[in-house]
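I opened this notebook to keep track of what I looked up in one structure. The entries follow the order in which I went through it.

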Amino acid sequence: MKFYSELSGILIYTDNIKVKDIFEGELLKYKKEILEKIESLKLPLEEEKGLLIYTDNELIKEFVKSIKLNIVEKNKKLYLEIVVVTIKQPTKYQYNELLEELRWILMTENNYNIENTEIKVDDGRLYICFYNMYEKLSLLKEEI
């Protein structure tokens with residue numbers, strides 16, 4: 001299963017005075033730097049199971065093998081792609097539990113604390129968010 005969440009960001013320009021919210025296609029120019037930063041923050045423990053190691057939800061552990069993140073470009077926007085590998089087909093209840101867990105992962109900074117992590121770019125310092133900070137997080141979608 002794959003889920004997507006639109007990225008957003010804040011750019012603090014080199015002069016430390018100008019600040020800009022960045023959405024949609026504007027983030028494309030920083031894709032390489034974002035991917036490099038995420039890779040540098042991954043722990044060796046995450047190699048096999050990804051972010052599944054952070055959940056205490058036993059119900060999810062029964063049917064999910066791994067939860068891994070990637071950054072992808074779709075429709076001229078950058079998205080967080082959440083790839084969930086399952087052991088078996090989830091029931092509707094398990095699927096809804098999984099969605100809640102994914103939202104929790106995005107909101108509680110089990111995402112490598114990326115929102116508080118500076119990404120150096122040519123224009124200054126970039127801080128990204130794994131969801132559109134001005135939209136409801138419930139807009140996770142399986143397909144975009």
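The entries below cover a sheet, a helix that lies across it, some salt bridges, a surface patch and one buried residue.

**Entry 1: the model.** I noted before anything else that this is a predicted model.

**Entry 2: the sheet.** I looked up how the strands are arranged. Three of them form an open sheet, and their order is E1-E5-E4. The pairing is antiparallel. I then asked which strands stand at the edges. They are E1, residues 2-6, and E4, residues 64-74. Each has a single partner strand, so one side of each has no neighbour in the sheet. From one strand to the next, the twist averages 25 degrees.

**Entry 3: E4 and E5.** I went on to the pairing of E4 with E5, which spans residues 77-86. The two strands run antiparallel to each other and pair over 10 bridges. As one position to find on screen, I picked Val-72, which stands opposite Tyr-79 in E5. I added a general reminder: strands of a sheet pair through backbone hydrogen bonds, in a parallel or an antiparallel way.

**Entry 4: a helix on the sheet.** I checked what helix H1 lies across. H1 is made of residues 31-41 and lies across both E4 and E5. Relative to E4, H1 runs at about 160 degrees.

**Entry 5: salt bridges.** I asked how many salt bridges there are. The count is seven. I wrote down three of them.

Lys-2 and Glu-81 meet through their side chains, with 3.8 Å from N to O. Lys-2 belongs to strand E1 and Glu-81 to strand E5, so this pair ties together parts that are 79 residues apart in sequence. I also looked up how covered the two partners are. Lys-2 is partly exposed, at 40% relative accessibility. Glu-81 is buried, with a relative accessible area of 8%.

Lys-20 and Glu-26 form another salt bridge, at 2.5 Å from N to O. Lys-20 counts as partly exposed at 33% relative accessibility, and Glu-26 is partly exposed at 35%.

Asp-123 and Lys-29 form a salt bridge with an N to O distance of 3.0 Å. Asp-123 sits in the loop between strand E6 (119-121) and strand E7 (124-129), and Lys-29 in the loop between strand E3 (19-23) and H1, so the pair ties together parts 94 residues apart in sequence. Asp-123 is partly exposed, at 22% relative accessibility. Lys-29 is exposed, at 57%.

**Entry 6: a nonpolar patch.** I asked which residues make the nonpolar surface patch. They are Leu-43, Leu-45 and Ile-53, and the patch has an area of about 280 Å². I followed up on Ile-53. This residue is found in the loop between helix H2 (46-49) and helix H3 (58-63). Ile-53 counts as partly exposed because its relative accessibility is 34%, and that class runs from 20% to 50%.

**Entry 7: Gln-94.** My last stop was helix H4, residues 92-107, where Gln-94 is found. Is Gln-94 buried or exposed? Its relative accessible area is 7%, so Gln-94 counts as buried, the cut-off being under 20%. I then looked up its contacts, leaving aside neighbours within four places in sequence. Gln-94 is in contact with Leu-59, Glu-62, Phe-63, Lys-88 and Gln-89.

Definitions and conventions
Residues are numbered from 1 along each chain as its sequence is written. This is a predicted model: local features need pLDDT of at least 70, side-chain atom pairs count only at pLDDT 80 or more; totals for chains, interfaces and linings use all residues. Side-chain values use heavy atoms; hydrogens and water are left out. Two strands pair if DSSP finds at least two bridges between them. Helices (H or I, at least four residues) and strands (E, at least two) are DSSP runs, numbered from the N terminus. Axes are lines fitted to C-alpha atoms, for helices over the stretch in contact, and angles run from 0 to 180 degrees between N-to-C directions. Contact means heavy atoms within 4.5 Å. Patches are made of residues with over 30% relative accessible area and no salt bridge: like charges are joined within 9 Å, nonpolar side chains (Val, Leu, Ile, Met, Phe, Trp, Tyr) within 5 Å. Accessible areas come from the Shrake-Rupley method with a 1.4 Å probe; for residues, only the protein chains shown count as cover. A salt bridge is a side-chain nitrogen of Lys or Arg within 4 Å of a carboxyl oxygen of Asp or Glu. Buried means under 20% relative accessible area, exposed over 50%, partly exposed in between (1.4 Å probe, protein chains only).
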